[in-house]
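Here's a quick tour of a few spots worth a look in this model. Pull it up and follow along.

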Amino acid sequence: MAKDYVLEKRKYVIAFIVIAIVLVYIGRLFNLQIMTDAYKRNADSNAFLNKVQYPSRGAIYDRNGKLLVYNQPAYDVVFVPREVTGLDTLDFCRTLGITREQFDERMADVQNRRLNPGYSRYTQQTFMAQLSAEECGVFQEKLYKFQGFSVQRRTIREYAYNAAAHALGDIGEVSKREMERDDYYDRGDYIGKQGIEKFYEEYLRGEKGVEVLLRDAHGRIQGHYRDGEMDRPSVPGKNLTLGLDIDLQMLGERLMRNKIGAIVAIEPSTGEILCMVSSPTYDPGLMVGRQRGENHNRLQKDKRKPLLNRAIMGTYPPGSTFKTAQALTFLQEDIVQEDSPLFPCSHGFIYRGLRVGCHGHASPLPLVPALATSCNAYFCWGLYRMFGDEKYGSPQNAITVWKDHMVSQGFGYRLNTDLPGEQRGLIPNAQFYDKIYRGSWNGLTVISISIGQGEVLATPLQIANLGATIANRGYYVAPHLVKEIEDNELDSLYRTRHYTDISREHYESVVKGMRAAVAGGGTCRILETMLPGIAACGKTGTAQNRGKDHSVFMGFAPMDDPKIAIAVYVENGGWGATYGVPIGAILMDQYLNGKLSPQNEALAEEFSNRVITYDDEER
């Protein structure tokens, strides 16, 4: 009896297992045949060839309508693995100018499903990309001998100017990760890798089309399926118009030749970037064609880092340009008043054994001449007074208020420009210093941040944006390169005014100080002779460094109807007035007047030939 019971129980277990296996198979078949079209596509591929029609990528223009980036025809060698028969490999390699080892390596890569997830013997694969018209002509003469191979017409980027490489960016072959993120791409496709090309990829790339071709039992093309009824034309990418002025850009790159640093110029009212120079730079044409990888590796190994866009990725001490942001904060917090000569300067800030040097000038000074002469003592005393003020209760509370004002002025966080890779810089907070000094610190401990040194770091873009904010008397529009997208709205971020938490009347006080730095015999007085008839405003910076100081300038013009705000940062350039101010003046002259005066043209030639020697081991 017990034996019959066990047998009966075993029968049900076996039946359950069989039913479960059947259900698994049914589910799998349902998924393959109904839920996905993979098998259908493989079956269709025996009778049809879906020939991709690649769209032309959108062109890129500067603010004056000058064509910067356009397309040139290029050709890919493609093949259907199943149809490759009787290939004379040696002749094939000679025709394309490659070795047998390169042929074998490429074929192995194409068939590697890890590298090429969409591989199928029945679908078109890319063997070699971006042949020139001359190379393609040689190959097509022998194409009849290479069964299964054909030529696919594509386009590659062409650059009208050897300039703006960091801003424009480049395109390259899509990676496996990029294909996984977006099913638009297949192996052999191209995608924006840097700059504008990457940020606006979805607008620039367009939409692929397809030609559905009918094949016979031997795989030979018989024509369009249903007379082209199933064909879909490609849709070209959208053209972009930049705020960039290519003449200004080329002048900036010329002035920064043989120097390391950056220049950013902004139209204050719109936030449009007029020029973005990062030096050293490179020819954007190096990132085109089959030599792109080799050229990229060579540039990547260069110790001076020409691929680094220092305008948005370089974080530097802003030096005395930061005193304008300090002045605004002190005025807003009622630490200082415009007309009160509060603080002594005995060739610097000297207190309790601490000394921050300064140059000779009258003392004590009110705010406007303190900005004009860039008095270190004034701003050191201001910060010390703020961090010790009883109304805040503690230095920790005071620095929190201070940091909030700095963040509202565009420091400490990304400005969200339309370029990938922007860095945020650094505005230290209470937790930052509590960790370093174990909670025991005051204004004297961190006094160097009052003059844009110490732990404070900013990008040249943020310094230029400060100039634009002061020019606008209290607001900025997020700096951006693209002015217009064909048939599309620009992101609302790039049309929105971001108001700071500083009152407008305090900006007027700082503008007076920056104007006095030019017209009142201050640190930017050379602007007055280089820009006659233009009421320019400026602020120098000399940022301390392990080696020679960095030369910094931030300014805008004209004072009451600002058209350009600019920041110049020259590594190891010395005083702000040595490189920063004259380079800034030359660029202002070019933009505001459309050309350089003879005097400034001669200076531009002089500065373009100046060489700053760097120790590459420190870079």
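Strands β11 and β12 make a hairpin with 6 residues between them, and Gly271 in the turn has a positive phi of about 80°. Strands here are DSSP runs (E, at least two residues), helices are runs of H or I with at least four, and both are numbered from the N terminus. This is a predicted model, where local features need pLDDT of at least 70, side-chain atom pairs count only at pLDDT 80 or more, and totals for chains, interfaces and linings use all residues. Residues are numbered from 1 along each chain as its sequence is written, and side-chain values use heavy atoms, with hydrogens and water left out.

Back to β11 (residues 261-266): 6 of its 6 residues are buried, so the strand is largely enclosed by the rest of the structure. Buried means under 20% relative accessible area, exposed means over 50%, and partly exposed is in between (1.4 Å probe, protein chains only). Gly261, Ile263 and Ala265 are buried on one side of β11, and Ala262, Val264 and Ile266 are buried on the other.

Who pairs with whom? Two strands pair if DSSP finds at least two bridges between them. These are the antiparallel pairs:

| Strands | Bridges | One residue pair |
|---|---|---|
| β11 and β12 (residues 273-279) | 6 bridges | Ile266 and Ile273 |
| β11 and β20 (residues 564-570) | 6 bridges | Ala265 and Ile566 |
| β18 and β19 (residues 550-557) | 7 bridges | Cys537 and Phe556 |

The β18 and β19 pair is also a hairpin, with 6 residues between the strands. In β18 (residues 537-543), 6 of the 7 residues are buried, so that strand too is largely enclosed by the rest of the structure.

Now the cysteines. A search of the whole structure turns up 0 disulfides, a disulfide being a pair of cysteine sulfur atoms within 2.5 Å. For Cys375, the nearest cysteine sulfur is that of Cys345, 3.8 Å away. For Cys537, it is that of Cys524, 9.6 Å away. Cys375 is buried, with a relative accessible area of 3%, and Cys537 is buried at 0%.

Gln409 sits in the loop between α16 (395-408) and α17 (430-437). Is Gln409 buried or exposed? Gln409 counts as buried because its relative accessibility is 0%. Beyond its neighbours within four places in sequence, Gln409 has contacts that include Ala325, Asn465, Tyr476 and Tyr507, where contact means heavy atoms within 4.5 Å.
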